Amino acid sequence: MFKAELDSGNTTAATELMVNSGGRPLLAVEKYELADDLFRWKSIMSGQPITDTRIDTVSADAHDVSITLDYIRKMSFSTLRRDGSWWITKVTDPQRK
């Protein structure tokens, strides 16, 4: 869903799929601070197929998900299950210098 929102240019909806590391919904200021990152992630992910997915189970309610876009670019997501739904807590682009 996160990638679909970025593909459609809806960065506001993409932030609604994110929470802080403790599971609290992001504050408006935290969403604002993510704006530049969201536009960068959008440019990286937009139109690129996800060609590989790997999940590392940290705990029953926390997973680290690594994806490969178009066989080339890798990205990682830390996720947390809260209230029966999965939320993104962190996005990492390991190729960013």
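**Exercise: a loop leucine**

Leaving aside neighbours within four places in sequence, work out which residues leucine 34 is in contact with, and settle whether leucine 34 is buried or exposed.

*Solution.* Start with the contacts, where contact means heavy atoms within 4.5 Å: leucine 34 touches Met18, Leu26 and Trp41.

A word on ground rules: this is a predicted model, where local features need pLDDT of at least 70 and side-chain atom pairs count only at pLDDT 80 or more, while totals for chains, interfaces and linings use all residues. Residues are numbered from 1 along each chain as its sequence is written, and side-chain values use heavy atoms, with hydrogens and water left out.

Next, place the residue. Leucine 34 sits in the loop between helix 3 (28-33) and helix 4; helices (H or I, at least four residues) and strands (E, at least two) are DSSP runs, numbered from the N terminus.

Now check accessibility. Buried means under 20% relative accessible area, exposed over 50%, and partly exposed in between (1.4 Å probe, protein chains only). Leucine 34 has 16%, so it counts as buried.

To finish, look along the chain: threonine 11 is 23 residues away from leucine 34, and their C-alpha atoms are 9.6 Å apart.

**Exercise: the two sides of helix 4**

Sort out which residues of helix 4 (residues 35-45) are buried, and what they pack against.

*Solution.* List the buried ones: Leu38, Trp41, Ile44 and Met45. Then look down the axis: these buried residues fall within an arc of 125°, so they line one face of the helix. The arc is taken from the directions from the helix axis to the C-beta atoms. Flip to the other side, and Asp36 and Ser43 turn up exposed.

For the partners, the buried residues pack against helix 1 (2-7), helix 2 (11-15), strand 2 (62-69), strand 3 (73-82) and strand 4 (85-92). Just past the helix comes glycine 47, with a positive phi near 75°.

**Exercise: the core and its rings**

Identify the residues that touch the most other members of the largest nonpolar core, then describe the aromatic pair of phenylalanine 2 and phenylalanine 77.

*Solution.* A nonpolar core is a set of buried Ala, Val, Leu, Ile, Met, Phe, Trp, Tyr and Cys residues joined through side-chain atoms within 4.5 Å. The largest one has 18 residues, and Phe2, Met18, Trp41, Met45, Met75, Phe77 and Val91 touch the most other members. Helix 1, helix 4, strand 2, strand 3 and strand 4 each give two or more residues, with the largest share, four residues, coming from helix 4.

Move on to the rings. Rings of Phe, Tyr and Trp (its six-membered ring) pair if their centres lie within 6.5 Å; planes under 30 degrees apart are stacked, over 60 edge-to-face, and the rest tilted. There are two aromatic pairs in the structure. Phenylalanine 2 and phenylalanine 77 pair edge-to-face, at 5.9 Å centre to centre with 75° between the planes. That pair ties helix 1 to strand 3, across 75 residues, and both phenylalanines are buried. Ring pairs link Phe2, Trp41 and Phe77 into a cluster.

**Exercise: strand 2 and its neighbours**

Work out how strand 2 pairs with strand 1 (residues 50-59) and with strand 3.

*Solution.* Two strands pair if DSSP finds at least two bridges between them. Strand 1 and strand 2 run antiparallel, joined by eight bridges, and they form a hairpin with two residues in between. Threonine 57 is the residue opposite histidine 63.

Then take the other edge. Strand 2 and strand 3 are also antiparallel, over eight bridges, and leucine 69 faces arginine 73. Within this hairpin's three connecting residues, check aspartate 70: its phi is positive, near 50°, and its 31% relative accessibility makes it partly exposed.

Last, ask how enclosed the strand is. Six of the eight residues of strand 2 are buried, so the rest of the structure largely encloses it. Threonine 68, in strand 2, counts as buried at 8%.
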